[in-house]
Amino acid sequence: MNIVDRIKRSIANRDDGVFLRVEFERFGSPAQVGRALTQLTSEGALIRLGVGVYAKAKPSVLTGKPIPARPLEVLAPEVLKKLGIAVMPSRLTQDYNAGRSTQLPSGIVLNTGKRRIARKLSFNGKAVQYEHA
């Protein structure tokens with residue numbers, strides 16, 4: 001069984017929607033894993049959200065092109081949790097949930113506390129933004 005098939009089977013057996021490249025190191029050399037992930041991305045089994053970050057994909061109902069199986073709003077906190085970063089809702093989301101505001105927050109904004117994040121997570125022009133509290 002080749003590396004692509006082993007990674008496909010590993011992805012299918014997991015409940016996670018998001019994967020880091022580090023999780024597939026045991027399947028082969030870094031070059032082999034990189035080629036396998038590139039092939040799975042081109043086949044539409046995975047979507048690349050950022051450097052070393054991939055998500056399960058499904059075909060779009062409208063276009064037939066691959067899109068993430070879950071929305072980016074759900075996947076972004078999962079990625080940061082896997083990276084060991086505590087995530088809280090943004091100030092605007094907290095205000096809305098507490099009833100202090102009637103405005104819905106636009107875009108995806110995550111509060112990372114005092115930690116600064118340089119990692120970019122995006123799909124199809126929709127990017128995650130970070131705020132520091």
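1. Asparagine 111 is a useful place to begin reading this predicted model, and its place is in strand β6, which covers residues 108–111. With a relative accessible area of 3%, asparagine 111 counts as buried, because the cut-off for that term is under 20%. A polar atom of its side chain lies 2.8 Å from the backbone nitrogen of glycine 113. If neighbours within four places in sequence are left aside, the residues in contact with asparagine 111 are Ala86, Val87, Met88, Pro89, Ser90, Glu131, His132 and Ala133.

2. The sheet to which β6 belongs deserves a look next. It is an open sheet formed by four strands, in the order β5-β6-β8-β7, and its pairing is mixed. The strands at the edges are β5 (88–89) and β7 (122–123), each of which has a single partner strand, so that one side of each is left without a neighbour in the sheet. Strands of a sheet pair through backbone hydrogen bonds, in either a parallel or an antiparallel sense. For β7 and β8 the sense is antiparallel, and the pairing runs over two bridges; serine 122 has alanine 127, in β8, as its bridge partner.

3. Turning to the interior, the largest nonpolar core has 19 residues, and those with the most contacts inside it are Val18, Leu49, Val53, Leu121, Val128 and Tyr130. Two or more residues of this core come from each of the elements β1 (18–20), β2 (46–50), β3 (53–59), α3 (72–82), β6 and β8 (126–131). The element that gives the most is α3, with five residues. In soluble globular proteins, nonpolar side chains tend to be buried together.

4. Leucine 49 shows the surroundings of one member of that list. Leaving aside neighbours within four places in sequence, leucine 49 is in contact with Val18, Ala55, Leu72, Leu75, Lys120, Leu121, Ser122 and Phe123. The reader should also note a second core, separate from this one, which has 13 residues and includes Ile11, Phe19, Phe24 and Ala36.

5. Which residues of α3 are buried? They are Leu72, Leu75, Ala76, Val79 and Leu80. Seen down the axis of α3, the buried residues fall within an arc of 135°, and they therefore line one face of the helix. After α3 comes glycine 84, whose phi is positive, near 85°.

How values were computed:
Residues numbered from 1 in each chain as written. Predicted model: local features only at pLDDT ≥ 70, side-chain atom pairs only at ≥ 80, totals over all residues. Heavy atoms only, no water. Buried < 20%, exposed > 50% of the residue type's maximum accessible area, 1.4 Å probe, protein only. Polar contact = N/O pair within 3.5 Å; in protein donor to acceptor, adjacent residues only side chain to side chain. Contact = heavy atoms within 4.5 Å. Core = buried A, V, L, I, M, F, W, Y, C linked by side-chain atoms within 4.5 Å. Arc of directions from axis to C-beta. Pairing = 2+ DSSP bridges.
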